[in-house]
Amino acid sequence: MNIPNTLSRAARNAVETSAMLREAPRQGTKQKAQLRRYEVSTLLSNGEVTQTRHIAPALPMFEDAFCAFTRGSIVETTQGPMAIEDLLPGDEVQTQDGGSQPVVWKGCVTLVPGREDSRGRMRPLTRIMADTFGMQKPMSGVITGPAARLLGVPAHLRHLSGGQPMLCPVSEFQDGMNVIETLPPTPVELFHICVPRHSVIQVDGLQFETYHPGTNAVRMISQSLRAVYLNLFAHIDTLSDFGPLLMPRAGDGEVDAITA
């Protein structure tokens, strides 16, 4: 596998990004597609870790790969609790099934949640108060990104779960008291991680999923955008390399089901 920061891959990424910008839909007077800088650390097949920076579109599918956990979020690893910003590819995180998996990819992005982007969107965070879901769940107040999904089902989504475990966006748990929306007006660092198989890990005493684009990713992104997106993930070659979902996920009023 070629290291993703070679000159040839960097040039290809620039060409693909330019093509994406030419195809971006134009709405009203907002004709310029917004780009964002994404920082990536990847565990390569030879055991080396590579760190790269990418310029890619500020679209939900891209941002969701980075916007789950805020700086200071504590992840349970085989070496003990570790802040998300200190976690490195190769570190083993504890999983819900009692085992562990190595981090193969970590992404980071900085954004201002309270600032509208070129399409008028904001990316609100969610604050979860201590003990909201039981004793030490979470252990203290937690702020999560918009892409974080919790293992659990709020009452208004139980019709989707059929009584089975499901991963739901943290925003679905907002109640205005113990789980609230927050829009900081200053820059916030956000992170997400991938492991070899989609899993549930413990962060700040709560059970969150690791990153997976979902089973609907293929139909959510054009061919030219797909190439730019995949360039963020040096450990895979195609969307199918993310593997199956561990369990169904809720989002946008529907269920992202497990593939056969």
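In the predicted model, the secondary structure of the chain comprises five helices and 18 strands. The chain has 260 residues, of which 46% are classed as buried. Of the contacts between residues at least 6 apart in sequence, 62% link residues at least 24 apart. The accessible surface amounts to about 12800 Å², and carbon and sulfur atoms contribute 50% of this area.

Charged side chains were examined next. In total, ten salt bridges were identified. One of them pairs Glu-63 with Arg-123, with a separation of 3.0 Å between the closest N and O atoms. Glu-63 belongs to helix 2 (residues 60–63), whereas Arg-123 is located in the loop between strand 8 (105–111) and strand 9 (125–128); the pair therefore ties together parts that are 60 residues apart in sequence. Both partners, Glu-63 and Arg-123, are buried.

A salt bridge is also formed by Arg-71 and Glu-85, whose closest N and O atoms are 3.6 Å apart. Arg-71 is situated in the loop between strand 3 (69–70) and strand 4 (74–77), and Glu-85 in the loop between strand 5 (80–83) and strand 6 (92–94), so that this pair ties together parts 14 residues apart in sequence. Neither residue falls in the buried class: Arg-71 is partly exposed, at a relative accessible area of 49%, and Glu-85 is likewise partly exposed, with a value of 22%. Arg-71 also meets Glu-189 in a salt bridge, with an N to O distance of 2.6 Å. Because Glu-189 lies in strand 14 (residues 188–194) and Arg-71 in the loop between strand 3 and strand 4, this pair ties together parts of the chain that are 118 residues apart in sequence. Glu-189 is partly exposed, with a relative accessibility of 27%. Arg-71 thus has salt-bridge partners in Glu-85 and Glu-189. Elsewhere, salt bridges with shared partners connect Arg-36, Glu-63, Asp-64, Arg-121 and Arg-123 in one network; the bridge between Glu-63 and Arg-123 was described above.

Aromatic side chains were then considered. The structure contains eleven aromatic pairs. Among them is the pair of Tyr-211 and Phe-233, which is stacked, with 5.9 Å from centre to centre and an angle of 5° between the planes. This pair links distant parts of the chain, 22 residues apart: Tyr-211 is found in the loop between strand 16 (206–209) and helix 4 (217–220), and Phe-233 in the loop between helix 5 (223–230) and strand 17 (249–251). Tyr-211 is buried, its relative accessible area being 7%, and Phe-233 is buried at 0% relative accessibility. Phe-233 also pairs with Tyr-229 in a tilted arrangement, with the ring centres 5.1 Å apart and the planes at 55°. Tyr-229, like Phe-233, is buried. The three residues Tyr-211, Tyr-229 and Phe-233 belong to one aromatic cluster, which also includes Tyr-38, Phe-62, Phe-66, Trp-105 and Phe-242.

With respect to cysteines, the count of disulfides is zero. Cys-108 takes part in no disulfide, and the nearest cysteine sulfur, belonging to Cys-67, lies 9.4 Å away. This distance lies outside the 2.5 Å cut-off for a disulfide, which is why the pair is not counted as one. Cys-108 is buried, with a relative accessibility of 8%. Cys-168 is also buried, at 0% relative accessibility.

A final set of values concerns the surroundings of Met-129, a residue in the loop between strand 9 and strand 10 (142–144). Met-129 is partly exposed, having a relative accessible area of 28%. In sequence, Met-129 and Ser-140 are separated by eleven residues, while their C-alpha atoms are 6.7 Å apart in space. When neighbours within four places in sequence are set aside, the contacts of Met-129 are with Pro-138, Gly-141, Met-177, Asn-178 and Ile-180.

Notes:
Residues are numbered from 1 along each chain as its sequence is written. This is a predicted model: local features need pLDDT of at least 70, side-chain atom pairs count only at pLDDT 80 or more; totals for chains, interfaces and linings use all residues. Side-chain values use heavy atoms; hydrogens and water are left out. Helices (H or I, at least four residues) and strands (E, at least two) are DSSP runs, numbered from the N terminus. Buried means under 20% relative accessible area, exposed over 50%, partly exposed in between (1.4 Å probe, protein chains only). Contact means heavy atoms within 4.5 Å. Accessible areas come from the Shrake-Rupley method with a 1.4 Å probe; for residues, only the protein chains shown count as cover. A salt bridge is a side-chain nitrogen of Lys or Arg within 4 Å of a carboxyl oxygen of Asp or Glu. Rings of Phe, Tyr and Trp (its six-membered ring) pair if their centres lie within 6.5 Å; planes under 30 degrees apart count as stacked, over 60 as edge-to-face and the rest as tilted.
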